[in-house]
Amino acid sequence: MSTALADELDALLPQTQCTRCGYAGCRPYAEALAAGLADVDQCPPGGSATAAALAARLGRPAKSVNPVHGVEGPPRVAVIDESVCIGCAKCLPVCPTDAIVGAQKFLHTVIAAECTGCELCIPACPVDCIALAPTAPAPLPLGEIRARAARYRPRYVAHVEREAGRAAARDAALAARRPGARSGEAANPPPRVTTDVAPHGTGPASR
Ligand code: SF4
Ligand code: SF4
Ligand code: SF4
């Protein structure tokens, strides 16, 4: 797989990070395309215009979006029903652009301009208080898809870095709680060496 080609293909994708292509995000899909493992018609948010751009770059026939992956609909944003939200914060870590603001036990709300409409927060919410509302007619022009992608990309990179930092902090906290960690002792200390027992066969009883 060519990294340079994957970079170019990733630059053509909408960066909603919705996973509807069947990959964990836009970058893994770009890598699969570059490796010849995916087709150009797997990205509903990018629509036919993006599929055509991918096909042109790869020298493959243009296709419209394969309905197996979803339909090319209007762009949407998440809206939280604040009268139902219980402030559990379960929607925060799944949001690829950190577009949801709020703290544990407080109401949460969505910054509409940063929301990619990926839908990942919907299954995370235990009280079903998140819905998606359309914001513009479909399909979005390719220029607008690219402009949005340029806005979403740095927020996604920052989100991934923040989540990695949190995971590392959690691992460090768990390691600090393991037996012996606080006193600086190893969890499995080496066997104690004693000099008061003679080696087998050489002590007084064998003489
Ligand atoms: S925007 Fe397209 S390429 Fe990116 S994760 Fe969604 S379906 Fe996949
Ligand atoms: S608020 Fe929900 S729909 Fe919007 S980007 Fe975040 S997870 Fe996706
Ligand atoms: S997951 Fe739902 S209930 Fe929990 S904070 Fe988010 S919107 Fe509110």
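A nonpolar core is here a set of buried Ala, Val, Leu, Ile, Met, Phe, Trp, Tyr and Cys residues joined through C-beta atoms within 7 Å. In this predicted model, the largest such core has 21 residues, of which Leu9, Leu13, Tyr29, Ala30, Leu33, Cys43 and Leu54 touch the most other members. Helices α2, α3 and α5 each contribute at least two residues to this core, and α2 provides the largest share, with five residues. Another core, of nine residues, lies apart from the largest one; among its members are Ala78, Ala99, Cys121 and Cys125.

Leu13 illustrates the packing within the largest core. Not counting residues up to four places away in sequence, Leu13 touches Cys26, Tyr29, Ala30, Cys43, Gly46, Thr50 and Ala149. Of these contacts, Thr50 is among the buried residues of α3.

Helix α3 spans residues 47-58 and has twelve residues. From its first C-alpha to its last, α3 reaches 17 Å, close to the 16 Å expected at 1.5 Å a residue. Gly47, Thr50, Ala51, Ala53 and Leu54 are buried in α3. Seen down the helix axis, the buried residues of α3 fall within an arc of 160°, so they line one face of the helix. The elements covering these buried residues include α1 (3-11), α2 (26-34) and α5. Just after α3, Gly59 adopts a positive phi of about 65°.

The surroundings of the two ligands can be set side by side.

| Ligand | Residues around the ligand | Closest residues | Classes in the shell |
|---|---|---|---|
| Ligand 1 | 16 residues | Thr16, Cys18, Cys21, Cys26 and Cys43 | ten nonpolar, five polar, one charged |
| Ligand 2 | 15 residues | Ala78, Cys95, Cys115, Cys118 and Cys121 | eleven nonpolar, three polar, one charged |

Some residues recur in these descriptions. Cys43, one of the residues nearest to ligand 1, is also among the core members that touch the most others. Cys26, likewise one of the nearest to ligand 1, is a contact of Leu13. Ala78 and Cys121 are among the closest residues to ligand 2, and both belong to the core of nine residues.

Several backbone features merit attention. Most residues other than glycine have a negative phi, and most peptide bonds are trans. Ala89 has a positive phi of about 70° although it is not a glycine. Ala89 lies in the loop between β1 (76-80) and β2 (100-101). Ala89 is partly exposed, because its 15 other C-beta atoms within 10 Å fall between the limits of 12 or fewer for exposed and 20 or more for buried. Lys105, also not a glycine, has a positive phi of about 75°, and its place is in the loop between β2 and β3 (109-110). Lys105 counts as exposed, because it has 9 C-beta neighbours inside 10 Å. The peptide bond from Ala138 to Pro139 is cis, with omega near -10°. Pro139 is located in the loop between β4 (130-134) and α5.

Helix α5 comprises residues 142-177 and includes Arg162. Arg162 is exposed, since 12 other C-beta atoms lie within 10 Å. Between Arg162 and Asp98 the separation is 64 residues in sequence and 9.9 Å in space, C-alpha to C-alpha. Elsewhere, α5 is among the elements covering the buried residues of α3, and it supplies at least two residues of the largest core.

Definitions and conventions
Residues numbered from 1 in each chain as written. Chains lettered and ligands numbered in written order. Predicted model: local features only at pLDDT ≥ 70, side-chain atom pairs only at ≥ 80, totals over all residues. Near = placed C-beta within 6 Å. Nonpolar A, V, L, I, M, F, W, Y, C, P; charged D, E, K, R; others polar. Helix = DSSP H or I, 4+ residues; strand = E, 2+ residues; numbered from the N terminus. Expected span 1.5 Å × (residues − 1). Arc of directions from axis to C-beta. Contact = placed C-beta atoms within 7 Å.
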